[in-house]
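Thanks for making time. Let me put the structure up, and then we'll walk through it.

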Amino acid sequence: MFHCGGLRAHNDAAGHYDENDPDLAWDKTNYVDRLKTMLIYLSDIDVGGITAFTNLGVAVRPTKGSALFWSNYASNAEDLDPLITHAGCPVLLGIKSYATLWITKSANMLMKKCPRKSLHSEQNR
């Protein structure tokens with residue numbers, strides 16, 4: 001497995017793990033399957049800090065305000081997509097700031113009921 005010294009090569013889907021590998025093990029009680037990933041760069045990097053898609057041979061240099069978006073599963077929605085295996089290489093000069101958004105299988109919007117009173121009602125203006 002490719003390892004660039006920063007964040008080891010991985011797929012963001014949390015539904016797949018190797019309990020014999022401490023770097024890939026996770027707590028099954030907190031299972032949330034990440035279908036898609038959006039990585040938003042919040043800073044420029046002077047040297048290093050690339051995101052490397054190891055099976056594609058693609059390396060992306062962080063640029064403030066840019067974003068990457070990908071699916072963690074193949075088109076059949078069952079198997080992991082090996083092409084999006086990625087790693088975060090170490091920052092050699094500068095500070096890497098980013099935000100990650102995951103779209104998951106869980107229907108979060110159904111877990112808590114919406115209030116009956118609209119936030120935009122006349123009473124709230």
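Start at the N terminus and follow the chain: the elements run β-β-β-β-β-β-β-β-β. That is nine strands and zero helices. Keep in mind that this is a predicted model.

Some totals. The chain has 125 residues, and 27% of them count as buried. The accessible surface comes to about 8,800 Å². Carbon and sulfur atoms hold 57% of that surface. Now the contacts. Take those between residues at least 6 apart in sequence: 66% of them join residues at least 24 apart.

On to the sheet. Four strands form an open sheet, in the order β1-β7-β4-β5. The pairing is antiparallel. Which strands stand at the edges? β1 and β5, the latter being residues 58–60. Each has a single partner strand, so one side of each has no neighbour in the sheet. On average, neighbouring strands here are turned by 15° against each other, direction ignored.

Look inside that sheet at β4 and β7. β4 covers residues 51–53 and β7 covers 86–88. They pair in the antiparallel sense, over three bridges. One position to mark is Phe 53, whose bridge partner in β7 is His 86.

Now the other pair, β2 and β6. Strand β2 takes in residues 34–41, and it pairs with β6 in the antiparallel sense over five bridges. Met 38 has Phe 69 of β6 as its bridge partner.

Stay on β6, residues 67–71. As a general point, side chains in a regular strand alternate between the two faces of the sheet. β6 shows such alternation. Leu 68 and Trp 70 point to one face and are buried. Ala 67, Phe 69 and Ser 71 point to the other face and are not buried.

Where do Leu 68 and Trp 70 turn up again? In the largest nonpolar core. That core has seven residues: Leu 39, Tyr 41, Phe 53, Val 60, Leu 68, Trp 70 and Ile 84. β2 and β6 are the elements that give two or more residues to it.

Pick out Ile 84 from that set. Not counting residues up to four places away in sequence, Ile 84 touches Phe 53 and Trp 70, both core members. Its other contacts on that count are His 10, Asn 11, Ser 71 and Asn 72.

That brings us to His 10, in strand β1, residues 7–10. Is His 10 buried or exposed? Its relative accessible area is 18%, and the cut-off for buried is under 20%, so His 10 counts as buried. Its side chain reaches the backbone oxygen of Arg 8 at 2.8 Å. Beyond its neighbours within four places in sequence, His 10 is in contact with Ile 84, Thr 85 and His 86. And His 86 is the bridge partner of Phe 53.

Last stop, Ser 43. This residue is in the loop between β2 and β3. With a relative accessible area of 13%, Ser 43 is buried too. What does its side chain reach? The backbone nitrogen of Ser 97, at 2.9 Å. A polar atom of the Ser 43 side chain also lies 2.9 Å from the backbone oxygen of Ile 95. Again leaving aside neighbours within four places, Ser 43 is in contact with Pro 62, Thr 63, Lys 64, Ile 95, Lys 96 and Ser 97.

That's the tour. Over to you for questions.

How values were computed:
Residues are numbered from 1 along each chain as its sequence is written. This is a predicted model: local features need pLDDT of at least 70, side-chain atom pairs count only at pLDDT 80 or more; totals for chains, interfaces and linings use all residues. Side-chain values use heavy atoms; hydrogens and water are left out. Buried means under 20% relative accessible area, exposed over 50%, partly exposed in between (1.4 Å probe, protein chains only). Contact means heavy atoms within 4.5 Å. Accessible areas come from the Shrake-Rupley method with a 1.4 Å probe; for residues, only the protein chains shown count as cover. Two strands pair if DSSP finds at least two bridges between them. A polar contact is a pair of N or O atoms within 3.5 Å; within protein, one must be able to donate a hydrogen and the other to accept it, and residues adjacent in sequence count only if both atoms are side-chain atoms. A nonpolar core is a set of buried Ala, Val, Leu, Ile, Met, Phe, Trp, Tyr and Cys residues joined through side-chain atoms within 4.5 Å. Axes are lines fitted to C-alpha atoms, for helices over the stretch in contact, and angles run from 0 to 180 degrees between N-to-C directions.
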